[in-house]
Amino acid sequence: MKNNKYEIDMCNGTIMDKLISFAFPLMLSGILQLMFNAVDIIVVGRFSGSQALAAVGSTTALINVFVNLFIGISLGANVLAARFYAAGREEEMSQTVHTAITLALISGVVMAFIGVLFAKGALELMGTPDDVIGQSTLYMRIYFMGMPFFMLYNYGAAILRAVGDTKRPLFFLIISGCINAGLNLILVIGFHLDVAGVAIATIISQCVSCILVLRCLCRTQGSYQLHFSKLAIIISERSKEIAGSIMKNMERGVTAVKSVGMYSGTERDMLFCVVPRKEIIWLRDIVREYDKQAFLIVSDVKEVFGEGFIEDISPK
């Protein structure tokens, strides 16, 4: 069951040492996520004055509610992924990973819009003083613009924790926390951005943690690998030459389907090819080499199932 040094196999061996090894990084991760806002408060309180301190401090309760809420929601993906992973159900595990990441992205974007639109109203309901509500609203709106990164990190970290890996999500948070603290000082002291500066620093640091956890999921060789592949549809008068070059040079399979253009009435082969995201430029260059007038349609592919195929489209 254990595929790398970070995973903890809870199904075999003694449980107490594994439980401590699993729970301790998880506990620290929760504390660190709540500390982002605390660091912002410390920096603006020290270098921007009492009004900026009051503005950021008035958002603490609301931010803590959202942090704990979305950490809790991500546990749904954690439970489901852990169940499929322990049972060795690789197809269901892969579906859970891709569904969770898609849901995280969509809900993050929705929350960003909601936060920007209703930040002031929420702060007014909480009784935020009139003299600081303008800066508090600015901080909250910028903070919510980073919600997609926050959601993607939490759902990605939930997937890793489902396979017993609580260490890497903690490492990613430590890195982003250091970046947050450093950028806070640079943007507040160097650029005098005050409340906006600490909010921007938080977004950037959350983006870093998001990239790190998604990179980790993409690079793993387990059933929880995240795929970002592309489906290319090619329509050309020189489809045979293009297909031959793709198979020879890219070593990718190509499917040809006979089709008729309803406008022109001409019959042509329509080529279908699934390639990793990093190879789409290579594919485009091959198509242009043979036919500059060819149609190349590219769309995202969430998953591809078939014997040996998932391994084939994995990033190399």
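This is a short tour of two helix pairs and a group of aromatic rings in a predicted model.

**Stop 1: helices H1 and H3**

Start by selecting residues 16–47, which form helix H1, and residues 60–87, which form helix H3. At what angle do H1 and H3 pack? The angle is about 160 degrees, and the axes are 9 Å apart. Because an angle over 145 degrees counts as roughly antiparallel, H1 is described as roughly antiparallel to H3. Their crossing is right-handed.

Now show the side chains where the two helices touch. On H1, pick Gln 33, Leu 34, Asn 37 and Ile 41. On H3, pick Thr 60, Ile 63, Asn 64, Val 67, Asn 68 and Ile 71. Try colouring these residues by type: 5 are nonpolar, 5 are polar and none is charged.

**Stop 2: helices H6 and H7**

Next, move along the chain to helix H6, residues 147–162, and helix H7, residues 167–190. Here the packing angle is about 150 degrees, with the axes 8 Å apart. H6 is thus roughly antiparallel to H7.

To see the contact, select Tyr 153, Ala 157, Leu 160 and Arg 161 on H6. Then add Arg 168, Pro 169, Leu 170, Phe 172 and Leu 173 on H7. How do the residues of this contact divide? There are 7 nonpolar and 2 charged residues, with no polar ones.

**Stop 3: the aromatic rings**

For the last stop, turn to the rings. The structure holds 5 aromatic pairs. A pair of this kind is described by the distance of the centres and the angle of the planes.

Select Phe 66 and Phe 70 to begin. Their ring centres are 6.0 Å apart and their planes lie at 20 degrees, so this pair is stacked. You will find both residues in helix H3, 4 residues apart, which is about one turn of the helix. Are Phe 66 and Phe 70 buried or exposed? Both are buried.

Keep Phe 66 selected and add Phe 144. With centres 5.1 Å apart and planes at 90 degrees, the rings of Phe 66 and Phe 144 make an edge-to-face pair. This pair joins distant parts of the chain, since Phe 66 sits in helix H3 and Phe 144 in helix H5 (residues 133–145), 78 residues apart. Phe 144 has 4% relative accessibility, so Phe 144 counts as buried.

Finally, add Tyr 139 and Tyr 143 to your selection. Ring pairs link these two tyrosines with Phe 66, Phe 70 and Phe 144 into a cluster.

How values were computed. Residues are numbered from 1 along each chain as its sequence is written. This is a predicted model: local features need pLDDT of at least 70, side-chain atom pairs count only at pLDDT 80 or more; totals for chains, interfaces and linings use all residues. Side-chain values use heavy atoms; hydrogens and water are left out. Axes are lines fitted to C-alpha atoms, for helices over the stretch in contact, and angles run from 0 to 180 degrees between N-to-C directions. Angles under 35 degrees count as roughly parallel, over 145 as roughly antiparallel, 65 to 115 as roughly perpendicular and the rest as oblique. A crossing is left-handed if the near helix is turned anticlockwise from the far one by less than a right angle, and right-handed if clockwise. Contact means heavy atoms within 4.5 Å. Ala, Val, Leu, Ile, Met, Phe, Trp, Tyr, Cys and Pro count as nonpolar, Asp, Glu, Lys and Arg as charged, and the others, Gly among them, as polar. Rings of Phe, Tyr and Trp (its six-membered ring) pair if their centres lie within 6.5 Å; planes under 30 degrees apart count as stacked, over 60 as edge-to-face and the rest as tilted. Buried means under 20% relative accessible area, exposed over 50%, partly exposed in between (1.4 Å probe, protein chains only).
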